[in-house]
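Q: Please take a close look at a single part of the model shown below. I would like a careful account of how its residues are placed, set against the chain as a whole.

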Amino acid sequence: MAEQTSLVAQQVRLMHWAEQIRECQNRPEGMDVSTWCEQNNITKANYYYRLKRVRQMCLDQLPEAEKPAFVELPHLKAEGKATVPEVPVMCIKNGHGLSADIFSSVSLQLLRCLVEVFRHVE
């Protein structure tokens, strides 16, 4: 019974923290996190601790299929050395939150590989 009470107390605390996070994220334009924390009597370190815990709670509640996944892409030889820092020429996105910036120097092989990954990530 004590374990259930502790779990309920933890959930209530996280819900309260989530509300604080929302309030901070909706603070007036130009106000920084430090000022908001001072006005709400919490330390900046405590705010970020709470933010981390609330984010983890949200991730824990996601179904396994919706959790972020990382896909290792094969290492491909560069076709040439760029002398000027490149900027992306396009960005590929899918409906599951996966995105990749594409640069003009991308090889056709790597682009094909990225397209395959985007097709199969669900």
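A: The accessible surface of the protein chain comes to about 10,000 Å², and 55% of it belongs to carbon and sulfur atoms (Shrake-Rupley method, 1.4 Å probe). The model is a predicted one, in which local features need pLDDT of at least 70 and side-chain atom pairs count only at pLDDT 80 or more, while totals for chains, interfaces and linings use all residues. Residues are numbered from 1 along each chain as its sequence is written, and side-chain values use heavy atoms, with hydrogens and water left out.

Of the 122 residues of the protein chain, 20% count as buried (under 20% relative accessible area, against over 50% for exposed). From the N terminus on, the elements run α-α-α-β-β-α (DSSP runs, H or I of at least four residues for helices and E of at least two for strands).

The part chosen here is helix α3, residues 44-61, whose 18 residues reach 26 Å from the first C-alpha to the last, close to the 26 Å expected at 1.5 Å a residue (1.5 Å times one less than the number of residues). Its buried residues are Tyr47, Arg50, Leu51, Val54 and Met57. They lie on the same side of α3 because they cover an arc of only 125° around the axis, taken from the directions from the helix axis to the C-beta atoms. The face turned away from this buried side carries the exposed residues Ala45, Lys52, Arg55 and Asp60.

Two of the buried residues of α3, Tyr47 and Val54, belong with Trp36 and Cys37 to those that touch the most other members of the largest nonpolar core, which has 14 residues (buried Ala, Val, Leu, Ile, Met, Phe, Trp, Tyr and Cys joined through side-chain atoms within 4.5 Å). To this core α1, α2 (33-39) and α3 each supply at least two residues, and the largest share, 5 residues, comes from α1. Not counting residues up to four places away in sequence, Tyr47 touches Ile21, Cys24, Gln25, Val33, Trp36, Cys37 and Ile42 (heavy atoms within 4.5 Å).

Arg50, also buried in α3, is met by Gln20, which lies in helix α1 (residues 2-25). Leaving aside neighbours within four places in sequence, Gln20 is in contact with Trp36, Ile42 and Arg50, and Gln20 is itself buried, with a relative accessible area of 13%.

Notes: Buried means under 20% relative accessible area, exposed over 50%, partly exposed in between (1.4 Å probe, protein chains only).
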